[in-house]
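Dear colleague,

I am passing on the structure we spoke about, together with some notes on what turned up when I went through it. Please have the model open while you read, since the notes follow it from the whole chain down to single residues.

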Amino acid sequence: MYRGKVIIAGVDTARLPVMKEEEKERLLLQVKSGTASEQRKAREALVKGNLRLVLSVVQRFSGRGENLDDLFQVGCIGLIKAIDHFDLNQSVRFSTYAVPMIIGEVRRFLRDYAPVRVSRSLKDLAYRAMQEKERLTRALGRDPTIIELSSSLGIPKSEVVLALESASAPVSIYEPVYSGDSGEPLCVMDQLSGGNSDADWIDEITIRDAIESLSRREKKILGLRFFEGRTQTEVSGVIGISQAQVSRLEKGALHKIQQSLKV
């Protein structure tokens, strides 16, 4: 820490530039089709111009006891990979493509150096699952469900969930999530209810994972029915389908959740 600025990996983060989209497109074109010298200079310029993007990503992982310098450098590796693999023919902004690449690189680093050791076979499966998730995200234009990942990988969804969870870095209950005007940070522990047992938390996490596998319309129906307390007739008016269809979709969604909880 220095007066008026923060140095991470030798970089003054207060002076990080913000590169315009037009400039990114021009440099990316040079990386793909320029001479060797032009490619090298364009890549260097893109890295320097997107360091603020790397910083915004690694800040999400702060408070876990990891060295920010290390995370920042790992994030830069993800940025370089994004530059090298970005397809100019795809109608997507570079930052939209780069952020998941940077996050993936940081998560792989945290997985490999995590205090909880994971077997090599599970690490390999987690790596395959994350690669396939990135591929499906680009193809579908959204995050794939666990069921879609399971089908694409050809393995049971319980193994997919276990592999992805093994790649997630543990979060300390003392990790600050918000700092108010008083200067007192709000930690994860402050948001936990004192009356819940370990079994309650496990059940809640399991149910959330099961709901995540539902379609957008099924989630909408359950949200309107059980979180907003609306009748099936009211829901049918919001969704634009008949009350009988709402009833059928609601029962189907609840059945899917029940089946997921049995896995």
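Of the 263 residues in the protein, 34% are buried, and please keep in mind throughout that this is a predicted model. The accessible surface of the protein comes to about 16400 Å², and carbon and sulfur atoms account for 52% of that area. In secondary structure, the protein has 12 helices and 4 strands. If one takes the contacts with a separation of 6 or more, 52% of them are between residues 24 or more positions apart.

A word on confidence belongs here, before the details. The average pLDDT of the protein is 77, and 74% of the residues score at least 70. Residues 193–199, however, have a pLDDT below 50, and beyond near neighbours in sequence this stretch has 3 contacts in the model. Where pLDDT is low, the predicted coordinates should not be read in detail.

The helix pair that I looked at is made of helix 1, which covers residues 21–33, and helix 2, which covers residues 36–49. Two packed helices are described by the angle between their axes and the distance between the axes. Here the axes come within 8 Å and cross at roughly 145°, and the crossing of helix 1 past helix 2 is left-handed. On the side of helix 1, the residues that meet helix 2 are K24, L27, L28, Q30, V31, K32 and S33, while helix 2 contributes E38, Q39, A42, R43, A45 and L46. Sorted by class, this contact has 6 nonpolar, 3 polar and 4 charged residues.

Q39 deserves a separate look, as it is found in helix 2 and takes part in the meeting with helix 1. Apart from residues up to four places away in sequence, Q39 touches Q30, V31, K32, S33 and G34. Q39 and L29 are 10 residues apart in sequence, and their C-alpha atoms are 8.9 Å apart in space. With a relative accessible area of 23%, Q39 is partly exposed, because the partly exposed class begins at 20%.

Two loop residues come next. T145 is found in the loop between helix 6 (120–140) and helix 7 (146–153), and not counting residues up to four places away in sequence, T145 touches E212 and S213. Is T145 buried or exposed? T145 counts as buried, because its relative accessibility is 14% and the buried class takes in values under 20%. I241 lies in the loop between helix 11 (232–239) and helix 12, where, with the same allowance for sequence neighbours up to four places away, I241 touches R217, S236, V246 and L249. The relative accessible area of I241 is 16%, and I241 is therefore buried.

Finally, K256 lies in helix 12, which spans residues 243–261. Leaving aside its neighbours within four places in sequence, K256 is in contact with L214 and E218. K256 and S213 are 43 residues apart in sequence, yet the distance between them in space is 8.6 Å, C-alpha to C-alpha. K256 has a relative accessible area of 41% and is partly exposed.

With best wishes

Methods. Residues numbered from 1 in each chain as written. Predicted model: local features only at pLDDT ≥ 70, side-chain atom pairs only at ≥ 80, totals over all residues. Heavy atoms only, no water. Buried < 20%, exposed > 50% of the residue type's maximum accessible area, 1.4 Å probe, protein only. Contact = heavy atoms within 4.5 Å. Areas by Shrake-Rupley, 256 points an atom, 1.4 Å probe, with all protein chains shown as cover. Axes fitted to C-alpha atoms, helices over the stretch in contact; angles between N-to-C directions. Left-handed = near helix turned anticlockwise from the far one by under 90°. Nonpolar A, V, L, I, M, F, W, Y, C, P; charged D, E, K, R; others polar. pLDDT = per-residue confidence, 0-100.
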